[in-house]
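Open the model in your viewer and keep the selection tool ready. We will go stop by stop.

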Amino acid sequence: MLSWGKVLKLKNYSQIKQNKPFEINDIFIYLFVIVSLFVLFLSLVILPQKKKTNGFAIYKGQEIVFTYYNDKNDLIINDKYSNLVNIEQLKDGITIKVFTSETFENFNFIFINTADNYAKMHDSTCSQSKDCVHSPSITSSGMIYCAPHDLKIVPLGQNNIPPWTGGA
């Protein structure tokens, strides 16, 4: 004797066996998903052009210490910090050693690559972990911050204003 459960199972099995693996609506949905993923990939990875920064600024607290302008290849040091900043021009960039006190014990060593347009913290006496040294290099966005020395390196936006000031 067959029970209703077994009859339904046999009926569903034979119906499923007769169905096609893909209906036309399924194919449209799969194509839509594939095209959407392709467009997202293009718009987020391939097509965006990297914005070039106009330069970089180094701040101690809210005071500007040093500014480098790419377009003019110009270096400006705040007079207040002129004895605390050592600059060395290299073939591919600039190295800046910023002493954070008058005792010349604490410093941050920064490299600005003028050819590839990025800034990177290379060394610091801030702490054992040296989090700022392990920060990624910055190009047209981002910031490197050394909390113990209260030192910020930021890219200059349009009109040579750092983006974090709300200017550009």
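The tour starts with the whole chain, then visits some strands and ends at one lysine.

**Before you start.** This model is predicted: local features need pLDDT of at least 70, side-chain atom pairs count only at pLDDT 80 or more, and totals for chains, interfaces and linings use all residues. Residues are numbered from 1 along each chain as its sequence is written, and side-chain values use heavy atoms, with hydrogens and water left out.

**Stop 1: the whole chain.** Colour by secondary structure. You get two helices and nine strands. Helices (H or I, at least four residues) and strands (E, at least two) are DSSP runs, numbered from the N terminus. From that end, the order is α-α-β-β-β-β-β-β-β-β-β. Of the 168 residues, 29% count as buried. Buried means under 20% relative accessible area, with a 1.4 Å probe and protein chains only.

**Stop 2: strand E1.** Select residues 55–60. Five of the six residues here are buried. Now add E2, residues 63–69. E1 and E2 pair in the antiparallel sense over six bridges. Two strands pair if DSSP finds at least two bridges between them. Look for Gly55, which stands opposite Tyr69. The two strands form a hairpin with two residues between them. Click Gly61 in the turn: its phi is positive, about 65 degrees.

Next, add E9, residues 151–156. E9 also pairs with E1, antiparallel, over six bridges. Here Ala57 stands opposite Val154.

**Stop 3: the open sheet.** Show E4, E5, E6 and E7. These four strands form an open sheet in that order, with antiparallel pairing. Which strands are at the edges? They are E4 (85–89) and E7, each pairing on one side only. Then zoom in on E4 and E5 (residues 93–99), joined by five bridges. Val85 has Val98 in E5 as its bridge partner.

**Stop 4: Lys120.** Stay in the sheet and select strand E7, residues 118–124, where Lys120 sits. Does Lys120 count as buried or exposed? Lys120 is buried, yet it has no salt bridge. A salt bridge is a side-chain nitrogen of Lys or Arg within 4 Å of a carboxyl oxygen of Asp or Glu. The nearest side chain of opposite charge, Asp123, is 11 Å away. Instead, follow the lysine side chain to the backbone oxygen of Val133, at 3.1 Å.

Finally, show what Lys120 touches beyond its neighbours within four places in sequence. Its contacts (heavy atoms within 4.5 Å) include Phe109, Phe111, His134, Pro136 and Ile144.

How values were computed:
Buried means under 20% relative accessible area, exposed over 50%, partly exposed in between (1.4 Å probe, protein chains only). Lys and Arg count as positive and Asp and Glu as negative; His and the chain ends are not counted. A polar contact is a pair of N or O atoms within 3.5 Å; within protein, one must be able to donate a hydrogen and the other to accept it, and residues adjacent in sequence count only if both atoms are side-chain atoms.
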